[in-house]
Amino acid sequence: MASPTHFDVAIVGAGPVGLAVAGWLANVWGPDRASRIAVFDAKGLEEVQKDPRILALSDATRLRLSSLGFPVQAVPIHHIHVSEKNSFGQVRMSASELGLRALGWTVRYGDLVHCLSESLERRGVSVFRPCEVRYAHRSAEESIEILELADGTEYSCCLRIDAEGGLYGEAGERDAVVDYNQMALVSEVEVTVDSALLNGQDTVAFERFTPEGPLALLPISPDQRRYSLVWCAPSELTRQRLAMSDADFAALLRSKFGRRVRLDQLGRKGAFPLGMNWREKLVQGRRVAIGNAAQILHPVAGQGLNLGLRDAAQLVRAMDPDLVQDEIRLMVTLEEFESARKTDRQAVIRATDWMVKGFSNQNPLLGAGRQAALNVMEFTPVLRKQFAELMLFGLAA
C-alpha cells in the first residue's frame with residue numbers, strides 16, 4: 001500500500017470554526033506552508049451553502065474573522081432589549097455605550113461557510129469535501145495521526161484538530177451532559193416593531209424570558225422587518241406549537257411578547273432539541289478538540305460559536321510549523337492551550353446554564369430575583385457594561 005499523503009495539520013469539520021482555524025493558521029504560517037494544512041468534511045460545499053440557519057456573532061467575532069473575510073449580507077445588531085413576561089424588569093444594551101460599531105451580527109450559516117471557504121482557496125489550503133473520515137488511529141511506527149476516509153484513502157498528519165460536533169444529541173459521548181428537555185422552535189418572520197423602540201437606522205434584537213423558556217428575535221434585514229425567531233420551550237409544548245395554524249401561533253406569540261412586536265408573517269417552522277454537553281479534556285495525544293467538538297451550548301445567550309472561535313484563535317496563537325512536527329513540544333503546547341481555555345469555557349458554560357435554569361421556571365422567589373437583577377443592571381451602567389463585555393469577549397486567559 002502506498003504511503004498516505006502527509007499534512008502538518010488536519011482539521012476534521014469544515015464548519016465556521018474548522019474553516020477559521022485553517023485560515024488563521026495559513027495567515028500565520030504564510031503561503032509556503034498553507035498547503036500543509038488540510039480540512040475534511042462529510043458534506044459538499046454546495047449543500048452547506050444552502051443551509052439557512054441564522055447565526056448570531058459578537059462584534060469581537062466579526063473582528064477576528066475580518067482577516068479572512070466576512071459576508072456582506074451580515075446584519076448588525078446595535079441594541080439588545082432584554083425583558084421578562086409579567087415583569088417590569090428589563091435591560092437595554094447598546095453598541096454606542098461600549099464604543100462599538102455593533103454589539104453583534106446576524107449571518108446565514110451558508111453565507112459564512114461560503115465566505116470562509118473562498119478564503120481558504122485563495123490561501124492554498126487543501127480542502128476535501130464531501131469526504132467522510134471513517135477511522136482514525138495513531139501510527140505506532142512514526143507516532144503520527146492516520147485518517148482513513150470512507151473510500152479507503154489514507155492521510156497522515158502531525159496534529160489533528162477536531163472541529164465537528166453537530167447539534168446537541170449528535171455529538172457522541174461527552175464528559176458532561178445537561179438535558180433540559182427543551183426544543184428550539186425556529187422560523188423567519190416579518191414583524192412590526194413598536195416605533196418607540198426604534199432609533200433611526202439602528203437595529204434592535206429582543207430577548208424575552210417566559211416561564212416556559214427564552215424567546216429571541218434577531219434582525220436579519222436592515223429595515224427591521226425580517227427577524228429570525230428562536231423560541232425555546234419544553235419539547236411537548238414546542239411540538240404543539242409546530243402544529244398550530246399561523247393565526248393561532250401569531251396570537252400566542254403576541255401574548256408572550258407583549259406590545260413591543262407584532263407578527264405580520266410567519267415563515268416555515270422547524271425545531272431541534274436543546275441541551276449542553278462538553279469535554280473536560282480537550283487534548284489526547286496529537287489530537288485537540290475545539291468548537292462544537294469541545295462543547296455544545298444552549299442558545300439562550302448565543303455564545304456557542306463565539307466561544308468556539310475563541311478556542312480556535314487561541315490555538316492558532318500557540319502553533320508554528322516547526323512545533324507541530326516536534327512531538328514533545330507539541331504535547332506541552334497543547335496541554336498549555338487546554339489549561340488556558342479552562343476559565344473562559346467554564347465561565348460561559350456556567351453562565352449559560354444559569355440563564356436557562358434561572359429564567360425557565362415559575363418559582364415566585366426566583367421571579368422576584370430575576371426582576372431585581374434586570375432592574376439593577378438596567379440602572380447600573382458599570383454592571384451592564386461588564387455583563388456585555390463577558391458575552392462579547394469572554395474571559396482573558
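Where is Q224 found? Figure 1 takes that up, after a quick look at the whole chain.

**Overview. A predicted model with 13 helices and 20 strands.** This is a predicted model, and its protein has 397 residues, 54% of them buried. Take the contacts between residues at least 6 apart in sequence: 75% of these join residues at least 24 apart. The accessible surface comes to about 17800 Å², with 52% of that belonging to carbon and sulfur atoms.

**Figure 1. Q224 sits in the loop between β14 and β15.** The flanking strands are β14 (213-219) and β15 (226-234). Q224 isn't a glycine, yet its phi is positive, near 60 degrees. Buried or exposed, which is Q224? With 6% relative accessibility, Q224 falls under the 20% cut-off and so counts as buried.

**Figure 2. N181 is another non-glycine residue with a positive phi.** Here phi is about 55 degrees. N181 belongs to strand β12, which covers residues 176-193.

**Figure 3. R129 and P130 are joined by a cis peptide bond.** Omega is about 0 degrees for this bond. As for where P130 lies, look in the loop between β8 (126-128) and β9 (133-138).

**Figure 4. Helix α1 packs against helix α9.** The axes of α1 (residues 16-29) and α9 (residues 304-318) come within 9 Å and cross at roughly 25 degrees. That angle is under 35 degrees, so the pair counts as roughly parallel. The crossing of α1 past α9 is right-handed. On the α1 side, the contact is made by P16, V17, A20, V21, W24, L25 and V28. From α9 come L305, G308, L309, A312, A313, L315 and V316. Sort these contact residues by type and you get 13 nonpolar, one polar and no charged.

**Figure 5. Helix α1 also makes a contact with helix α6.** The α6 helix spans residues 109-123, and its axis comes within 9 Å of that of α1, crossing at roughly 25 degrees. So α1 is roughly parallel to α6. This time α1 passes in a left-handed crossing. What α1 brings to the contact is P16, L19, A20, A22, G23, A26 and N27. Across from them, α6 supplies Y109, L112, V113, L116, S117, L120 and R123. The split for this contact is ten nonpolar, three polar and one charged.

Key. Residues are numbered from 1 along each chain as its sequence is written. This is a predicted model: local features need pLDDT of at least 70, side-chain atom pairs count only at pLDDT 80 or more; totals for chains, interfaces and linings use all residues. Side-chain values use heavy atoms; hydrogens and water are left out. Axes are lines fitted to C-alpha atoms, for helices over the stretch in contact, and angles run from 0 to 180 degrees between N-to-C directions. Helices (H or I, at least four residues) and strands (E, at least two) are DSSP runs, numbered from the N terminus. Angles under 35 degrees count as roughly parallel, over 145 as roughly antiparallel, 65 to 115 as roughly perpendicular and the rest as oblique. A crossing is left-handed if the near helix is turned anticlockwise from the far one by less than a right angle, and right-handed if clockwise. Contact means heavy atoms within 4.5 Å. Ala, Val, Leu, Ile, Met, Phe, Trp, Tyr, Cys and Pro count as nonpolar, Asp, Glu, Lys and Arg as charged, and the others, Gly among them, as polar. Buried means under 20% relative accessible area, exposed over 50%, partly exposed in between (1.4 Å probe, protein chains only). Accessible areas come from the Shrake-Rupley method with a 1.4 Å probe; for residues, only the protein chains shown count as cover.
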